Number of protein chains: 2
Amino acid sequence: MNRVGRAPMYQQIAEALRQQIADGTLAAGAQLPTEAELTDLYEVGRGTVRQGLTLLVNEGLVVPTRPRGYFVRKREPMVFRPQAEFRKRPYSVEMDAFVTEHSADGRSPRQMIEVAIMEPPQDIAKRLQLEDGQLVAVRRRIRWLDGEPFNLNDSYFPLDLVSESEILRPDDISRGANEVLAELGYRQVRALDELYVRMPTPDEARRLELGAGTPVAYHICTGYTENGQPVRVAVTVLPGDRHVITYERKREASEDAQ
Amino acid sequence: MNRVGRAPMYQQIAEALRQQIADGTLAAGAQLPTEAELTDLYEVGRGTVRQGLTLLVNEGLVVPTRPRGYFVRKREPMVFRPQAEFRKRPYSVEMDAFVTEHSADGRSPRQMIEVAIMEPPQDIAKRLQLEDGQLVAVRRRIRWLDGEPFNLNDSYFPLDLVSESEILRPDDISRGANEVLAELGYRQVRALDELYVRMPTPDEARRLELGAGTPVAYHICTGYTENGQPVRVAVTVLPGDRHVITYERKREASEDAQ
DNA sequence: CGCAGGACATTGTCCAGTCAATGCGAGCAA
DNA sequence: TTGCTCGCATTGACTGGACAATGTCCTGCG
């Protein structure tokens with residue numbers, strides 16, 4: 001265990017384990033050597049070994065499970081398809097096949113809904129083009145799959161538009177909140193999606209039961225009516241280890257020349 | 001300073017600093033107290049203070065700069081718009097405004113291109129529906145902005161389709177590789193985008209100069225011709241701290257009833 | 001047989017220290 | 001003024017220890 005090379009010892013340890021994970025020596029779900037074993041193997045202090053393991057944990061490759069040891073992480077993402085709200089079925093065979101392949105068949109879904117009326121956070125207010133003091137209704141959802149939290153979804157509506165509608169009731173709206181909004185005269189015809197990638201806040205990590213090294217996608221969708229009025233902002237927090245986000249795109253006739 | 005509460009000391013330290021960052025006491029770019037100062041302030045060992053700071057680093061909130069200290073991270077994302085390859089201009093005023101607001105005006109772009117012929121990695125081969133042994137051409141690009149690496153973009157083409165075309169030359173193709181492909185008779189009319197969110201590999205971290213706590217979006221775009229043949233797979237690695245990914249969606253007349 | 005309790009292996013938290021690496025600025029030299 | 005060197009503050013790497021927390025598993029009792 002040559003330490004003169006260059007890289008610090010803890011990085012060498014991490015790299016060796018990373019290799020074994022990459023080439024399959026350590027398969028998904030397999031247990032890594034214990035800290036004690038690595039300490040003996042590399043003839044370093046336990047702190048150094050822990051530093052190396054922490055690196056792998058923060059890369060999302062490995063999960064520490066007290067007091068059983070470290071294990072190689074598994075990844076089996078589910079499809080998240082923002083376009084589905086305007087288009088129930090994919091319109092190309094390629095997309096259809098992809099969704100089918102990563103489907104949630106046989107898994108048991110569940111969700112918790114909570115409704116509140118509040119002053120909007122700044123970024124929401126901006127996207128809804130609200131004046132100071134205007135309130136919003138928010139429907140907060142946590143979605144579960146097989147007893148594990150899967151994603152967070154908060155939908156914001158200007159309170160003016162939805163007061164006294166069923167959007168304010170914390171029940172499942174089977175035909176969708178968008179449909180209710182349409183019935184109220186605010187049919188969305190366009191949406192703007194923004195996707196940010198970052199580490200979760202401690203609060204998000206707690207609610208989604210995220211281990212260290214699990215980043216999230218932060219999806220903000222703003223829905224507009226025909227005349228350009230924003231009527232809904234949906235914020236979804238998607239753990240990176242549990243999702244693939246997909247879109248389908250079509251070239252349009254008018255855009256022919258590039 | 002109370003350690004009887006519950007949370008370990010290093011988490012309390014992290015939480016206190018996190019608070020100050022959130023409420024603006026520590027603004028973006030500001031310096032945090034040094035390890036020594038925190039050691040005195042909380043009356044704990046240096047190791048404990050470092051454990052707390054490491055937490056913040058891995059959350060992407062803070063950047064350690066040896067030997068100057070720890071600083072609050074800045075975030076100024078640039079727009080990445082996959083739809084742009086089929087549609088140069090956004091078609092709604094909302095999207096147009098958003099792109100303008102986050103534009104790269106005045107920044108100096110640069111890119112390095114490298115071309116290779118290789119056996120495709122498995123995930124690429126699968127998306128291009130290649131048989132065993134079929135080769136691909138790959139155009140690897142690193143894009144820079146203001147001297148900082150911005151993203152990695154590798155485009156794969158079945159070698160059969162592009163041999164002897166200018167796609168194999170490591171030059172900038174001003175009209176776009178897609179246009180060349182179209183001239184060769186493989187005009188893409190549909191694309192499937194997949195977005196994965198994860199921590200970077202050490203190699204990606206090195207090439208993109210990513211600090212700890214910076215996740216990446218892994219964008220895989222598969223382009224299809226009219227008859228459903230996949231002719232291009234583009235893999236883009238986007239550092240989370242430097243990008244927003246946006247899409248624009250339209251409800252279509254035929255999808256009226258949800 | 002079933003269950004309660006305890007031993008054990010393993011990671012989590014924390015301490016007190018050493019020496020290395022490095023960017024910056026003060027101060028000196030040309 | 002300009003340029004170079006060197007000291008210094010600060011983080012990085014690492015040691016070797018102690019005790020806590022917590023699933024697992026085995027033992028033994030009822």
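**A sheet shared between chains A and B**

In this predicted model, eight strands are arranged as an open sheet with mixed pairing, and their order is S4(A)-S5(A)-S6(A)-S9(A)-S8(A)-S7(A)-S10(B)-S3(B). The edges are formed by strand S4 (109-118) of chain A and strand S3 (78-80) of chain B, each of which pairs on one side only. From one strand to the next, the twist averages 20°.

Within the part of the sheet that chain A contributes, strand S8 (residues 216-225) and strand S9 (residues 230-239) of chain A run antiparallel to each other and are paired over nine bridges; in this pairing, Val216(A) lies opposite Pro239(A) of S9(A). Helix H4(B) packs on the sheet, where H4(B) touches S7 and S8 of chain A as well as S3 and S10 of chain B, and the direction of this helix makes about 25° with that of S7(A).

The passage from one chain to the other within the sheet occurs where S7(A) is followed by S10(B). There, strand S7 of chain A, which spans residues 188-198, pairs with S10(B) in the antiparallel sense over six bridges, and Leu192(A) is found opposite Glu248(B), a residue of S10(B).

The contact between the chains as a whole draws on 56 residues from chain A and 56 residues from chain B. The area buried between the two chains is about 5,300 Å², with carbon and sulfur atoms giving 52% of this value. As to polar interactions, 20 residue pairs, with both residues at pLDDT 80 or more, are in polar contact between chain B and chain A. The elements of chain B that each supply at least two residues to the side touching chain A are helix H4 (93-101), strand S7 (188-198), strand S8 (216-225) and strand S10 (243-250). Of these, S7(B) provides the largest share of that side, namely 11 residues. Classified by residue type, the side of chain B that touches chain A comprises 22 nonpolar, 11 polar and 23 charged residues.

Charged groups also meet across the contact, since the count of salt bridges between chain B and chain A is eight. One of these salt bridges joins Asp193(B) to Arg249(A), for which the closest N and O atoms are 2.7 Å apart, a separation that falls within the 4 Å applied to such pairs.

Technical notes
Residues are numbered from 1 along each chain as its sequence is written. Chains are lettered from A and ligands numbered from 1 in the order in which they are written. This is a predicted model: local features need pLDDT of at least 70, side-chain atom pairs count only at pLDDT 80 or more; totals for chains, interfaces and linings use all residues. Side-chain values use heavy atoms; hydrogens and water are left out. Contact means heavy atoms within 4.5 Å. Buried area is the accessible area (1.4 Å probe) that two parts lose on being put together, summed over both. A salt bridge is a side-chain nitrogen of Lys or Arg within 4 Å of a carboxyl oxygen of Asp or Glu. A polar contact is a pair of N or O atoms within 3.5 Å; within protein, one must be able to donate a hydrogen and the other to accept it, and residues adjacent in sequence count only if both atoms are side-chain atoms. Helices (H or I, at least four residues) and strands (E, at least two) are DSSP runs, numbered from the N terminus. Ala, Val, Leu, Ile, Met, Phe, Trp, Tyr, Cys and Pro count as nonpolar, Asp, Glu, Lys and Arg as charged, and the others, Gly among them, as polar. Two strands pair if DSSP finds at least two bridges between them. Axes are lines fitted to C-alpha atoms, for helices over the stretch in contact, and angles run from 0 to 180 degrees between N-to-C directions.
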